[in-house]
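Got the structure open in your viewer? Let's take a walk through it, one selection at a time.

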Amino acid sequence: MALIGKIRENSWLLIVLLALGLGGFIVMDMTSGQQSAFGGNSNTLAEIEGEKVSYQDFNNVERLFNGQNAFSQRDFVWNYFVDKALVGQEAEALGLGVGSDELRELQFGTKLSPIVESRFRDPSTFQVDRTRLNSYRDAIDNGTFTDPQQRQFWAHQQKEIRVDRLKKKMGNLVSKAIYAPTWQVEMVGEEQNNKVSFAYVQIPFDEVDNADVQLTDSDYESYLQNNVARYETKEETRRVDYVVFNVEATEEDIAEIRVEMDSLAIDFKDAINDTTFLTSNYSTFDAAYKKKSELPETIADTLWNLSVGSVYGPYEEENSFKVAKILNRKIIPDSVESRHILLPAKTQPEFVQAFQTLDSLKNLIEDGAANFAELAQRFGTDGTREKGGDLGYASPGQMVPQFNNLIFYDAEPTELNIIQTQFGLHLVEVTDRKYETNEEGVQVGFISEPIVPSSSTENKINQEALKFASQYKTREEMLAAVAERDDLDVETSTSLKLNDHTIGDLGSNQGARDMVKWAFASSTDVNDVSAQVFGFQDPVEFYTNKFVVTALRSVQKAGMPSLANIKDEIEAQVRNEKKATVIKEQVSGKDLAAIATQYSTSVDTTGEISFNSGFLPGLGSEPKVISKAFGSEVGSVTEPVAGNNGVYVLKIISKPQNTTPPNIPQLRRTIAGGVRNQAVSGIAQELRKNADIEDNRSKFY
């Protein structure tokens, strides 16, 4: 009782302690993600040569871009931050910079930065959209940027332009020092001009049965020693085995969708407003009138014979159930003459301003205060302005859909309409229509429902995958279980790095990223099977179409891979080397005709091959074979040589010599030019090779 009394007397203290405790829980919850990832509250996503990149800074830049693939977008932003740090430090040491006038020229001048050119290229003309670019320039100069994100985007783009320009300058410094000496030029000229032709027999590796070749560890080790550059890695990699449980619609799912579409077909037939019905049922409406030849081939005859208002379906097409309704019929003009005034617009403020301007012009024309051609010459922004906006005659489908549908089907001659297309806003007038064939077209509305699994089917497959993962705790158990089933297969990933987000046919997505994170988790050991089942979304319909159970197959530290980890990857190449030894013993000392008879093949001949071609017509890349041919005398038969696609025996037919001396200055420019281009494009990669980069991205993403 004394304790309770004390608490009552000091109730204010209790309230404070509760508040502090609650606050502590809130703070813990806010930071638990980072603390669990880092064992602390670090916010550093990376440190590049001492320059820190915070998670917030990285995330702020990422938000400025709206890419289709979040992981590719993050790779793009990562490369920017790495280049910014490394190129910036190197440029400062070299005394390189980008001045304000130079930056202005790169953004708006005659020699635009490649970054600006790519982002402001008109997709229809592939030319820089100067009108749109100039609108940004004017907004910057006048301080009229109304969209904060646009301001942030442009500020960041300026940084990108600086980094790109500094890379180019550094590359130019290196390229200016590149020179091809005369002896090298003469050697390259000889390699290009001198030829060789030869007869040959090719013996494919599969002429030797796999059972006839026994591979030992020393064979594998020898192969690895001879291919160090090919297999040595600079960071740890891991490989996983995984089992895919595909989610597919059952017969019950399909029947249920069919019943729903039967009901929709009745509602569609009775609909008063077809456009509203289509929109409310998540269907797109194409206002164009189709000729019979333009309708889906499988249903063209049926649709063509239906009256307006009639419905056909449901029918199955492209893994969907569809219902079609004939909305209208009319004779389609063979060509239409029109004119327009185009005002480009990309942002909402630009659209508002463009609409107000065109609406004012429309009123002036309709009131008789001005004529269309004069206003087009004054306000138009495309190549038709000098012709008073005249677009001439167009055939159906020649214009973009919105414009095409307006002039061919909706607008009346002399009527003024404002429409939006990918190019901006147009004030449009139809001036003439020509009817020659008087061919009829039908306007068709389609409702569609994809044939996808129901949620109960998804759940059933998910439970099956979860049960599988819980039953088989080790990789060996998982492999043995799959071997006893005909409906499952085991797939093996390539070597995965810590920040990878792509796994084989599973693609680049969150599911693949989660699998990589699991594989690299400190709690995951080799042969472990994931307790978690990884889900993958259908990229079109966005339902879960795969559930994946995975096991960690191997861990490979940086450097040369261990034999156990890479045996299965290099087995085919090692086996071919052993087969080549067997074939060489079988054909050594024989002429081409005897070898061809022995292997039931033929003697073939090449045309004239140059030394630096590297390829044999019909055989692919065979540099060892070509090198052997050039090192042999005319008339001689070579020892067997192992190529990429089999073992070859050659008989040299001729080695024509080109007596014309090479054009030394021109060839020197060609040789040096190729190396210079590599220097400019590869400067950033070279800087990364010896850079001190602490990459913590995997702890955030």
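Start by selecting Lys322 and Glu317: a polar contact of 2.9 Å joins their side chains. Bear in mind that this is a predicted model. Lys322 sits in strand S6, which covers residues 320–331. Is Lys322 buried or exposed? With a relative accessible area of 15%, Lys322 is buried, because anything under 20% counts as such. Now show what surrounds Lys322: leaving aside neighbours within four places in sequence, Lys322 is in contact with Met261, Tyr312, Gly313, Pro314, Tyr315, Glu317, Ile447 and Ser448.

Next, jump to Arg238, in strand S4 (residues 237–246). Arg238 also counts as buried, at 11% relative accessibility. Which side chain does the side chain of Arg238 make a polar contact with? Pick Glu236 and you'll have the pair, at 2.8 Å. Then light up the residues that Arg238 touches, not counting those up to four places away in sequence. Among them are Ser493, Thr494, Ser495 and Leu496, along with Ala519, Phe520 and Ala521. Thr524, Leu552, Ser554 and Val555 are on that list too.

Time for some strands. Select S10, residues 424–434, where eight of the 11 residues are buried, leaving the strand mostly covered. Add strand S7 (residues 335–343), which pairs with S10 in the antiparallel sense over nine bridges. To see one of the partners up close, click Ile341 and look across to Leu427 in S10. Now bring in strand S9 (residues 416–421), another antiparallel partner of S10, this time over six bridges. Here, Ile419 has His426 of S10 as its bridge partner. How many residues does the hairpin from S9 to S10 run through? Trace the chain and you'll find two.

Another sheet comes next. Show S2, S1 and S23 in that order: these three strands form an open sheet with antiparallel pairing. S2 (51–54) and S23 (693–695) are the edge strands, each pairing on one side only. Look along the sheet and you'll see a twist that averages 20° from one strand to the next. Zoom in on S1 (residues 44–48), which pairs with S2 over four bridges in the antiparallel sense. Glu47 stands opposite Lys52 in S2.

Keep that sheet on screen and add helix H3 (residues 55–62), which packs on the sheet and touches S1 and S2. The direction of H3 makes about 60° with that of S2. Then add helix H4 (residues 70–94), also packed on the sheet but touching S1, S2 and S23. The direction of H4 makes about 35° with that of S1.

Now for a pair of helices: select H8 (residues 148–176) and H24 (residues 664–689). Their axes come within 8 Å and cross at roughly 120°, so the two are oblique to each other. The crossing of H8 past H24 is right-handed. Try showing side chains where they meet: H8 brings residues including Lys167, Met170 and Val174, while H24 brings residues including Arg676, Ile683 and Leu687.

Last stop: Leu112, in the loop between helix H5 (100–108) and helix H6 (114–119). Leu112 is buried, at a relative accessible area of 10%. Beyond residues up to four places away in sequence, Leu112 touches Glu105, Leu106, Gln107, Glu117, Val128, Arg130 and Leu133. Finish by drawing a distance from the C-alpha atom of Leu112 to that of Ile161: the two are 49 residues apart along the chain and separated by 9.8 Å.

Key: Residues numbered from 1 in each chain as written. Predicted model: local features only at pLDDT ≥ 70, side-chain atom pairs only at ≥ 80, totals over all residues. Heavy atoms only, no water. Pairing = 2+ DSSP bridges. Axes fitted to C-alpha atoms, helices over the stretch in contact; angles between N-to-C directions. Contact = heavy atoms within 4.5 Å. Buried < 20%, exposed > 50% of the residue type's maximum accessible area, 1.4 Å probe, protein only. Polar contact = N/O pair within 3.5 Å; in protein donor to acceptor, adjacent residues only side chain to side chain. Parallel < 35°, antiparallel > 145°, perpendicular 65-115°, else oblique. Left-handed = near helix turned anticlockwise from the far one by under 90°.
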